[in-house]
Amino acid sequence: MAQTRRMTRLRENLIAYAFLSPAMILLFLFGIFPVAFAFFVSLHRWRRFPGEYLGLDNFARGLSGFTYVIFFWIGVAVSLYALIQLRGLWQKRADRALVYVLPGVLNGAALILFIGWFTTALVPILNIPQRLRGQNLVQGIFVTELVASFQLPEVLAAWTPFLTVAVIALIASALTVTVVRGADRGAHLFKATTAAFLIGMGVLTIQLTLTEIGAASGDSLLPTQILMISVGAALLVAGYVLWTRGVRSHSNRRFVVLAAAALALMVGGVVFVAELPRLLAGGDPEVLHTFGITVMFALGTVPFQLAIGLALAYLLFQKIKGRSFFRLVYFLPYILPFVATSIVFNQIFSQRPASFANQVIGLFGIPDQKWLLEAQGIVELIFGSNVPAFLAGPSLALIVIMMYTVWTYIGYDTAVFLAGLGTISGELYEAARIDGASGWSIFRYITLPLLSPTTYFLSLIALIGTFQAFTQIWIMRTPASQSSVDTLSVYIFETARGTDPNMGYGSALSFVLFGVILLLTLFQNRLAESRVFYG
């Protein structure tokens, strides 16, 4: 009977995985593999074809020595996370933990060796077009070169250990699943495999970082700067933890002590982290410049589109005539093509004296502006050229693109806010009015808190979208505006696909942008824990 139940469960699992396999294959081919391949490209000199292995040089070109700080702590964090997972497995299966750890380590080693063999074979395979230049292109020559790529000495040297470890791991995993009883043995084996793989990747990342630091030892201040920034970041985190504990404390004395300790740690952290600008000074100045423009673009669009979208949604939620028509009108810019609407904006904000924008500002005695052709900052235009460069503000061309972005997305925000308003019970508004609450009090203490999940969702989507913004900026930028409107995503595109393409450096910068977006997302999630109300 037990054998029958086991076979039935095995058959059901196989059927389930058979149905899931198409989605898993698509996820790997169009999700995981492109990201992994982009990281592989970022480690090489890559113009049109793969070049020499550079390690972290592409990242260091953009961020200078700060690259080593990031990768070192990524390796440490991945390793610690994997050790925590192994500790949880040990606590759950203390009597049989080693049974899962041994095949898990072998599986993890096999995966790492497979990645090593695959990446070793990938370079000669992608260079086949280079090797075919000048040859007589007869039928079957590509297949011949493909087979020859797998027979290169370095590829065979990577294949042998992978095959050996993979066979041993397969035998160990099969024995574990067969001999060990329990419905969760597959899940425990998978957790042990994942933890071993992550520990291996974390250790390799730390080793790579330390090797790169040693190779860059010509800069005698680099190790000291890296150590200072790491210590400063640790002090800031420790200060934040103490501050949160102090705020939650019910004792005034304990709060004062923890707050003082947190302040001291944070001051020390700021002193150490102050080394960061000097460390970044050796990087690509265009990266810092375009990142600053990206931040200005986000600050100039996200708050306005959310505020205007909420105001419009609140007005259109009222029982007014023609509200369906107005909802359609406000949503229309979001579904219209970027190219068509950007052409309209180009005409509205043309530099010609007869343009609509110049005619409007002329009513207030303001001289004609060049708008999308203006590269000067708005503060510099108002107060003159004596304004310091860091206070010049966004260029007039970037402000026009901000206005276009806000106009495009407020319809989407309005529609989502309307959906959120529809979920609020009308009884709450009726009870508040009976108690004599004013309209502002109802909006402040009922509508806004109950709309916090919607606001959180829209702010998250808007922030990610602005940091990734490309289409409208690419269409509306002009040669006259110079680089005053180029965000980091535009710079990445021009680096990877411009007149002198450098896909290795462009891929490295794309991972930098991904890291920034990931940190902002984690920060918003952390903030949402105390500010978003789901009740």
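This passage walks through the fold of a single chain, from its overall make-up to its cores, helix pairs and a few individual residues.

The model described here is predicted. The chain holds 24 helices and 2 strands, and buried residues account for 36% of its 535 residues. Taken along the principal axes, the box filled by the C-alpha atoms is roughly 80 × 70 × 55 Å. Sequence distance is a useful thing to keep in mind when looking at the contacts. Among those between residues at least 6 apart in sequence, 70% join residues at least 24 apart.

A good place to start is the interior. The largest nonpolar core has 26 residues, and the members that touch the most others are Phe59 and Val287. Two or more residues each are given to this core by α2 (57-63), α3 (66-92), α9 (222-248), α11 (276-280), α12 (285-299), α21 (452-467), α23 (488-497) and α24 (503-531). The largest share comes from α24, with 6 residues. A second core lies apart from this one; it has 20 residues, including Ala357, Leu372, Met476 and Val485.

Val287 offers a convenient view of the largest core. Once its neighbours within four places in sequence are set aside, Val287 is in contact with Gly62, Leu63, Leu488, Tyr491, Tyr505 and Leu509. Two of these partners, Leu488 and Tyr491, are among the buried residues of α23.

Helix α23 itself deserves a closer look. Because 7 of its 10 residues are buried, α23 is largely enclosed by the rest of the structure. The buried residues are Leu488, Ser489, Val490, Tyr491, Ile492, Thr495 and Ala496. Their cover includes α12, α21, α22 (471-476) and α24. Of these covering helices, α12, α21 and α24 also appear in the list of elements that give two or more residues to the largest core.

Phe66 brings the view to another part of the chain. This residue is found in helix α3, and it is partly exposed, with a relative accessible area of 22%. The cut-off for a buried residue is under 20%, so at 22% Phe66 falls outside the buried class. Residues up to four places away in sequence aside, Phe66 touches Ile229, Leu276, Leu279 and Leu280. For a sense of scale, Phe66 and Ile320 are 254 residues apart in sequence, and their C-alpha atoms are 56 Å apart in space.

Just before α3 comes a residue with a noteworthy backbone angle. Ser64, in the loop between α2 and α3, has a positive phi of about 55° although it is not a glycine. Ser64 is also buried, at a relative accessible area of 17%. A comparable case is Trp371, a residue other than glycine whose phi is positive and near 50°. Trp371 sits in the loop between α16 (356-362) and α17 (378-383), and its relative accessibility of 10% counts as buried.

Helix packing can be followed along α18 (residues 396-422), beginning with its meeting with α14 (residues 323-335). The axes of α14 and α18 are 6 Å apart, and the two helices pack at an angle of about 130°. The pair is therefore oblique, and the crossing is left-handed. From α14, the contact is made by Arg327, Tyr330, Phe331, Pro333 and Tyr334, while α18 supplies Trp407, Thr408, Tyr409, Gly411, Tyr412, Ala415 and Leu418. Sorted by class, this contact has 9 nonpolar, 2 polar and 1 charged residues.

Helix α18 also meets α15 (residues 338-348). Here the axes come within 11 Å and cross at roughly 135°, which means that α15 is oblique to α18. The crossing of α15 and α18 is right-handed. Phe338, Thr341, Ser342 and Phe345 of α15 meet Met403, Tyr404, Trp407, Thr408 and Tyr409 of α18. By class, there are 6 nonpolar, 3 polar and no charged residues in the contact. The spacing of contact residues can be read with a simple rule in mind: an α-helix has 3.6 residues a turn, so residues three or four places apart point the same way.

The two contacts can also be read together from the side of α18. Trp407, Thr408 and Tyr409 take part in the contact with α14, and these residues also meet α15.

Definitions and conventions: Residues are numbered from 1 along each chain as its sequence is written. This is a predicted model: local features need pLDDT of at least 70, side-chain atom pairs count only at pLDDT 80 or more; totals for chains, interfaces and linings use all residues. Side-chain values use heavy atoms; hydrogens and water are left out. A nonpolar core is a set of buried Ala, Val, Leu, Ile, Met, Phe, Trp, Tyr and Cys residues joined through side-chain atoms within 4.5 Å. Buried means under 20% relative accessible area, exposed over 50%, partly exposed in between (1.4 Å probe, protein chains only). Helices (H or I, at least four residues) and strands (E, at least two) are DSSP runs, numbered from the N terminus. Contact means heavy atoms within 4.5 Å. Axes are lines fitted to C-alpha atoms, for helices over the stretch in contact, and angles run from 0 to 180 degrees between N-to-C directions. Angles under 35 degrees count as roughly parallel, over 145 as roughly antiparallel, 65 to 115 as roughly perpendicular and the rest as oblique. A crossing is left-handed if the near helix is turned anticlockwise from the far one by less than a right angle, and right-handed if clockwise. Ala, Val, Leu, Ile, Met, Phe, Trp, Tyr, Cys and Pro count as nonpolar, Asp, Glu, Lys and Arg as charged, and the others, Gly among them, as polar.
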